[in-house]
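Grab a viewer and let's work through some charged side-chain pairs. Each exercise comes with a solution you can follow step by step.

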Amino acid sequence: MPVLAPVVDGSQRLRTLVAFTENKLKLSGLKKLTELNDFFFRDLPSSRQRRFNRHTLRMIELTEDADEEVRRDIFERINTGSQRLTAMEVRWGAQDGELLRFVRNCSKSPLFAKLAPLSEAAVRRREREEFTLRFFAYLQNYEKFDRMVVEFLNNYLEELQSTFDSAIAEGMEREWDRMLKFVEATFQDGFAKGKGHTRTPRIRYEALAVGSALALRERPDLVIKDVSWLESAEFQALTTSDSSNSRPKIIKRIQFVRDKLLGSK
């Protein structure tokens with residue numbers, strides 16, 4: 001029962017069925033058919049195996065004309081329910097590829113987890129990957145931001161995907177690692193608003209992460225001791241939720257951090 005074509009929705013379920021029929025998975029945690037716990041497929045009676053293999057799966061096959069935008073739209077519509085998928089979860093279903101896998105690997109940095117505390121629920125919903133993608137997108141294109149964050153990030157992915165290679169990945173990873181080490185050395189509480197916080201505000205993270213990276217591009221050996229401006233009324237105003245995703249505010253808060261670090265303001 002091989003999966004021969006890309007699956008827009010249900011890939012994990014199909015692969016689970018394949019793995020079970022190939023005796024790579026063992027049943028566990030069953031609450032109704034408890035007598036089947038610890039069974040492999042081969043442990044089922046032959047008649048049950050045949051019946052299982054004869055079961056029909058209904059699918060809708062997309063034509064070759066269905067591009068990534070169409071697949072993403074279909075995936076999002078299918079998964080609209082009581083708990084709507086996050087934008088990052090949708091990307092994983094519709095745009096998974098080498099670039100997103102690179103983003104995921106960067107997001108797994110233990111130092112990043114330390115500096116940007118998130119709830120377990122947020123981590124499960126790929127918030128770390130969302131934060132990582134935002135860093136790279138804003139670092140490269142923040143001055144071109146228009147109005148919609150989701151569209152901005154999707155466009156960045158699509159544009160970079162065509163040229164993404166190992167050389168680009170190495171450069172991006174160097175900037176990511178350098179920024180994280182700088183933040184650890186410079187900001188006592190990392191990206192969080194204070195010690196003990198279990199939630200990192202996106203807009204505060206964006207300002208500190210991208211502003212720091214831009215400053216490091218100009219002065220890679222930058223060392224900062226005074227960051228009292230973090231408590232200033234201006235920084236607080238730039239990193240509150242009011243109009244947080246307007247183009248002027250995004251540019252201003254990122255450049256505010258950059259300029260403060262470089263000592264030009």
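## Salt-bridge exercises

**Exercise 1.** Lys-24 and Glu-22 form a salt bridge in this predicted model. Work out whether each partner is buried, partly exposed or exposed.

*Solution.*
- Start with the contact: the N to O distance between the two side chains is 3.2 Å.
- A salt bridge needs that distance within 4 Å, so the pair qualifies.
- Lys-24 has 61% relative accessibility, so it is exposed.
- Glu-22 comes in at 44%, so it is partly exposed.

**Exercise 2.** How are Arg-134 and Glu-130 placed relative to each other in helix α8?

*Solution.*
- First, the pair is a salt bridge, with N and O 2.8 Å apart.
- Next, helix α8 covers residues 127–141, and the partners sit four residues apart in it, so about one helical turn separates them.
- Finally, check burial: Arg-134 and Glu-130 are both buried.

**Exercise 3.** Which parts does the salt bridge between Arg-217 and Glu-175 tie together?

*Solution.*
- The closest N and O atoms of Arg-217 and Glu-175 are 2.7 Å apart.
- Arg-217 belongs to helix α11 (residues 202–218) and Glu-175 to helix α10 (residues 166–186), so the bridge links parts 42 residues apart in sequence.
- With 39% relative accessibility, Arg-217 is partly exposed.
- Glu-175, at 15% relative accessible area, is buried.

**Exercise 4.** Which residues are joined into one network by salt bridges that share partners?

*Solution.*
- Shared partners connect Glu-130, Arg-134, Glu-206 and Arg-253 into one network.
- For the overall tally, the structure has 10 salt bridges.

Notes: Residues numbered from 1 in each chain as written. Predicted model: local features only at pLDDT ≥ 70, side-chain atom pairs only at ≥ 80, totals over all residues. Heavy atoms only, no water. Buried < 20%, exposed > 50% of the residue type's maximum accessible area, 1.4 Å probe, protein only. Helix = DSSP H or I, 4+ residues; strand = E, 2+ residues; numbered from the N terminus.
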